Amino acid sequence: MSTDTPLLTSLRSPRVVAARRLAKRNQRGKERRFLAEGPQAVREAVAFGRLPDGEHAVVEVYVTPEAAGRHAGIVAAAREAGLPVLSATEEVVADICDTVTPQGIVALCRFIDTPFEQVLAARPRLVAVLAHVRDPGNAGTVLRTADAAGADAVVLTDASVDPYNPKAVRASVGSLFHLPVATGVPVEEAVARLRAAGVRVLAADGAGQRDLDQELDEGTLQGPCAWVFGNEAWGLPEETRALADEVVKVPIHGHAESLNLATAAAVCLYASARAQRSRGGCRVEGRAR
C-alpha cells in the first residue's frame, strides 16, 4: 500500500519530535493536539473525527509498511478523506506511541471537545458527568460506556483527567470520536446549567438515600437525565452530592462491598437508556454521526 511521503526513519525528524512531545499534558494543551494509537482508534478517527466546526480532526496518519498492508482499508479511507498518510519505520512509530507494543499505526489529531454551550443547545436527554475522575483508563471506559448506552454527551469537569491522555484515548476504543465531549467545566456550573436546561441531575454514590431500583420502579428515569460520577477511590464529596436533584446508589444484592466506577456507570446509564427508550426518547438505532 503506497503512502504519501518517503519512509520516515529518523527519530530526530521535526515531525517525530513534535508528535512525541504530545505524551505530556501541557504540550497537548498548548498545541491542542493528541495521538490516537492502534487500528481501532485510527479507523474511528478517520471515519468520525470532526471538530465542532466540521473540520476533520485527523492531521495525519503514521503507519509502518507492514501495518499499511494489514490495515489497507484504514489507509485507503484516510487517503480518500484527503488526509496525509506518512510511512514510518517501526522504530519511529514505537517512539511516537505510548504503548509498549504499538500496532504500527497512529493518528495525529486535533482536540475535538465540544463547547458546553453547544451540548446544552442540543437539548440532551442522557449525559454522563465525570467529576473528580482522575484515572485515565476509567475515564476512557466510561466514555465508551456512555457511547454504547446512547448518551448524548460526556462532560469532564475541571477537576477530572485529560480525556486526551493516551490511556484514556485507548480505553475509549474510538468512542471519543463518536459523541460530544465537553471538558474543563466546573462541576457547580455543569450541574446548574443542566438543571436550568430541564435535565434532572442524579449523583451516583453509595451514600444515596434512594437506589436505582426505586428510580426504575417509580418511572423517574424516563425524562432527560444527567448522571454525575465521582472519584474512583472516594466517590463524590458531600458538596457535590448536595448539588444534585437526588443521590442514587446502585443496590448491592450480593456480598460485594461496592462496584467500580466503570461498572456503576454502565448500570446507571443503561438503566436510564432503557427507561427513556420505553417512551421513545432514546435512540434505538444509535446516534446520527
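Let's start in the middle of things: strands β5, residues 126-130, and β6 run parallel and are joined by four bridges. Before I go on, a quick reminder that what you see on the screen is a predicted model.

Within that pairing, look for A128, whose bridge partner in β6 is V154. If you then follow the chain from β5, you pass through helix α8, residues 136-148, on the way to β6, and the three together make a right-handed β-α-β unit.

Now stay with β6 and look to its other neighbour. Strand β7, residues 181-185, pairs with β6 in the parallel sense, again over four bridges. Here T157 is the residue to find, standing opposite V185 of β7. The connection has a helix too: β6, helix α9 (residues 166-172) and β7 form a right-handed β-α-β unit.

So how many residues of strand β6 are buried? Five of the five, over residues 153-157, so the strand is largely enclosed by the rest of the structure. The side chains split between two directions: A153, V155 and T157 point one way, V154 and L156 the other, and all of them are buried.

Let me zoom out to the sheet these strands belong to. Seven strands form an open sheet with parallel pairing, and the order is β7-β6-β5-β10-β8-β11-β9. At the edges you find β7 and β9 (210-211), each of which pairs on one side only. Helix α8 packs on this sheet, where it touches β5, β6 and β7, and its direction makes about 175° with that of β5.

Elsewhere in the order, strand β8, residues 200-204, pairs with strand β10, residues 225-229, in the parallel sense over four bridges. If you want a landmark there, R200 stands opposite C225 in β10.

That brings me to the packing. The largest nonpolar core has 57 residues, and F34, L176, W227 and F229 are the ones with the most contacts inside it. Which helix gives the largest share of this core? That would be α13, residues 261-277, with seven residues.

W227 deserves a closer look. Leaving aside neighbours within four places in sequence, W227 is in contact with a long list of residues, including L126, V127, A128 and V129. Also on that list are L202 and A204, and further along the chain C268, L269 and S272. Apart from this core lies another, of 22 residues, with F116, V119, L194 and A203 among them.

Now over to the other sheet I wanted to show you. This one is open as well, with four strands in the order β1-β4-β2-β3, and the pairing is mixed. Its edges are β1 (33-37) and β3 (85-87); each has a single partner strand, so one side of each is left without a neighbour in the sheet. From one strand to the next, the twist averages 25°.

Strand β2, residues 58-63, pairs with β3 in the parallel sense over three bridges, and Y62 stands opposite L86 in β3. Two helices are worth pointing out here. Helix α3, residues 39-48, lies across β1, β2 and β4 (105-110), running at about 40° to β4. Helix α5, residues 72-80, packs on the sheet and touches β2, β3 and β4, with a direction that makes about 130° with that of β3.

There is an annotation for this part of the chain. UniProt, in an unreviewed entry, lists residues 35-115 as "domain: RNA 2-O ribose methyltransferase substrate binding". Over residues 35-115 the chain is 40% helix and 22% strand, and the end C-alpha atoms are 21 Å apart.

Close to the end of my tour, two threonines. Where is T114 found? In the loop between β4 and α7 (116-121). At 11% relative accessibility, T114 counts as buried. Beyond the neighbours within four places in sequence, T114 is in contact with P52, V119, P180, V181 and A182.

The other one is T240, placed in helix α12, residues 238-241. T240 is buried too, with a relative accessible area of 5%. Setting aside sequence neighbours within four places, T240 is in contact with H132, V187 and V228. Last of all, T240 and A266 are 26 residues apart in sequence and 21 Å apart in space, C-alpha to C-alpha.

Thanks, everyone, and I'm happy to go back to any of these views.

Key
Residues are numbered from 1 along each chain as its sequence is written. This is a predicted model: local features need pLDDT of at least 70, side-chain atom pairs count only at pLDDT 80 or more; totals for chains, interfaces and linings use all residues. Side-chain values use heavy atoms; hydrogens and water are left out. Buried means under 20% relative accessible area, exposed over 50%, partly exposed in between (1.4 Å probe, protein chains only). Two strands pair if DSSP finds at least two bridges between them. A crossover is right-handed if, with the strands pointing away from the viewer, the path from the first strand over the helix to the second runs clockwise. Contact means heavy atoms within 4.5 Å. A nonpolar core is a set of buried Ala, Val, Leu, Ile, Met, Phe, Trp, Tyr and Cys residues joined through side-chain atoms within 4.5 Å. Axes are lines fitted to C-alpha atoms, for helices over the stretch in contact, and angles run from 0 to 180 degrees between N-to-C directions. UniProt positions are given in the numbering used here, feature names are shortened, and annotations may be inferred rather than shown by experiment.
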